[in-house]
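Thanks for making the time this morning. I would like to walk you through one model, going from the backbone to the ligand, and I will put it on the screen now.

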Amino acid sequence: MALKDVVSGTRNEAGIAAVLDSLKQLLGEKLQTGHSFREQHAHTTTYLTTQLPDGVVFAETTDDVKAVVKACAQHKVPVIGFGVGSSLEGQVNAPSGGISVDFSRMNRIISVNAEDLDVTVEPGVTREQLNTYLRDTGLFFPIDPGANASIGGMASTRASGTNAVRYGTMKDNVLALTVVTADGEEIRTGRRARKSSAGYDLTRLFVGAEGTLGLITSVTLRLQGIPEKITGGVCTFDTIKAACDAVIMTVQMGIPFARIELLDEVQIRACNAYSCLSYDEKPTLFLEFHGTEETTALQSQQFSEVVAECGGGEFRWTGDAQERAKLWKARHDAYWASKALAPHLDALSTDVCVPISRFAECVTETQQDIIDNGMLAPIVGHAGDGNFHVLVLFDGKDATSIANTEAFVARLNRRAIAMDGTCTGEHGIGQGKMSFLEEEVGNALDMMIAIKRSLDPDNIFNPGKLFRSHKP
Ligand SMILES: Cc1cc2nc3c(=O)[nH]c(=O)nc-3n(C[C@H](O)[C@H](O)[C@H](O)COP(=O)(O)OP(=O)(O)OC[C@H]3O[C@@H](n4cnc5c(N)ncnc54)[C@H](O)[C@@H]3O)c2cc1C
């Protein structure tokens, strides 16, 4: 049984057959229609029902992408972009079938402009590939979702990660895009200038559009200089409220940390077991400071004072790169560590984000909700942004467990929205959060639908995502 009864669209059988025929002629082996390819491109880390595309095109060039879009537009057949498939809300599912465009072969670094601190890449480049490539330049790309996601996928979900509190999300770090639009032609949304007042901000329209407005064929990104000194550390608290209060105070005092991550006691237990660590099983903060020897030492000292004021334990910090790497590897593996707590269960990862002053309230109410309902659901968060995730472990074969999980997710999303927050800080809407988008944006949804209708009148780009239908 699936957790959510996701929307199934109508299939355009004749159109799909015509597109497959035409793409076979045009693209040969780049088109694959075998079941395992199709399943791989719908079945991801998501908890939602798998809905297979009818074919997968491994695009190698922009011309390949144009050919797919033109064929799909001609026959009104869905076309769904695919990076590495790590999105968590059913974004790459194909509820009406259609063609999945896999960008993994479009993975070239097009140009690095070190003197301008920017880079242009094809969408299939992954964040780790990019940072490996940049290693000798003294520059790095800071956005780090837990998965080794593609830059095209990250732009499309407006992703972020542990560094966002200092360096921003994809919305702040994409300077320009090229996009193949519904007529099968390519547009460029901006240039490399750091700012521009030239007309509508199309770059930010496509960032976070989840592939519903066009297919991204290149991304120009801001880069950052690797800091002279990086220190990191850990401290524990007796209650989750005290840990959250320390975060709020640190943000409000303007201590310029680069990362501040919250892990509740269940998440720490999971990380200890999964990553062979021995942290105290208490609410914990992981931190990192970027700067010089002097500034990072000063910031660590200031943070120690905040911890003391909030009744936390000792803040143990280090400049040792290996120690820090161990800590952040454990943090990035938090999802898998949580799953390993109960491998026989299904997992649902959901995220919300609230204004920082409401963070402690939202997290403590959520933890109480988990306890009251006897759930196994670790909490982990990019706390400095007011963003946290809950990984609910539930029994996907049991109707009661499914109903309880859905009810919990609804309460969590409504709690965040009621605090003037959002139903997703970074995972996006996909299929899983369509009803919460409606609740969050109200009648602004009509404007979103109008934009979709105007740029994609036949609803070929990733239909059945963000909103149930773009037709009136
Ligand atoms: C363990 C784990 C940890 C995670 N941690 C985080 C986190 O900390 N922060 C965070 O933000 N997310 C996180 N995520 C979610 C996920 O990694 C992000 O949503 C990521 O941005 C998805 O990238 P992708 O390459 O996997 O894209 P996909 O899943 O392949 O696609 C995502 C969406 O983008 C569209 N798309 C892909 N490529 C293109 C393109 N070239 N043009 C147009 N549309 C395109 C797809 O159609 C789909 O709608 C995590 C996921 C996992 C599994």
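Lys76 is found in the loop between α3, which covers residues 62–75, and β3, and, since this is a predicted model, please take what I say about it in that light. The phi angle of Lys76 is near 55 degrees, which is a positive value in a residue other than glycine. As a reminder, most residues other than glycine have a negative phi. Is Lys76 buried, exposed or partly exposed? Its relative accessibility is 47%, and because the partly exposed class runs from 20% to 50%, Lys76 counts as partly exposed.

There is a second residue to put beside this one, namely Asn462, which lies in the segment after α17, the helix of residues 444–455. Asn462 again is a residue other than glycine with a positive phi, here near 45 degrees. With a relative accessibility of 3%, however, Asn462 counts as buried, whereas Lys76 is partly exposed.

Let me turn briefly to Phe37, which lies in helix α2, residues 35–40. Phe37 has a relative accessible area of 29% and is therefore partly exposed. If you follow the chain from Phe37 to Leu52, you cover 15 residues of sequence, and the C-alpha atoms of the two are 9.3 Å apart in space.

Now to the ligand, which sits in the largest pocket. How many residues surround it? There are 36, and the closest are Gly81, Gly83, Ser86, Ser87 and Ser150. By class, this shell divides into 15 nonpolar, 19 polar and 2 charged residues. Looking at where the shell comes from, β3 (79–82), α5 (151–157), β10 (215–222) and α13 (334–340) each supply at least two residues, and α5 gives the largest share, with 5 residues.

Three side chains deserve a closer look at the level of atoms. A polar side-chain atom of Ser86 lies 2.6 Å from an oxygen atom of the ligand, and a polar side-chain atom of Thr157 is placed 2.8 Å from a ligand oxygen. For Ser156, the partner is a nitrogen atom of the ligand, at 3.1 Å from a polar side-chain atom of that residue. As for the ligand's surface, taken alone it exposes 980 Å², and the protein buries 98% of that.

I will stop there, and I am glad to go back to any of these views.

Terms used:
Residues numbered from 1 in each chain as written. Predicted model: local features only at pLDDT ≥ 70, side-chain atom pairs only at ≥ 80, totals over all residues. Heavy atoms only, no water. Near = heavy atom within 4 Å. Polar contact = N/O pair within 3.5 Å; in protein donor to acceptor, adjacent residues only side chain to side chain. Areas by Shrake-Rupley, 256 points an atom, 1.4 Å probe, with all protein chains shown as cover. 1 Å grid on protein atoms, 1.4 Å probe; cavity = no way out; pocket = protein on both sides within 12 Å on 5 of 7 lines; lining within 4 Å. Sits in = over half its atoms within 2 Å of the grid points. Helix = DSSP H or I, 4+ residues; strand = E, 2+ residues; numbered from the N terminus. Nonpolar A, V, L, I, M, F, W, Y, C, P; charged D, E, K, R; others polar. Buried < 20%, exposed > 50% of the residue type's maximum accessible area, 1.4 Å probe, protein only.
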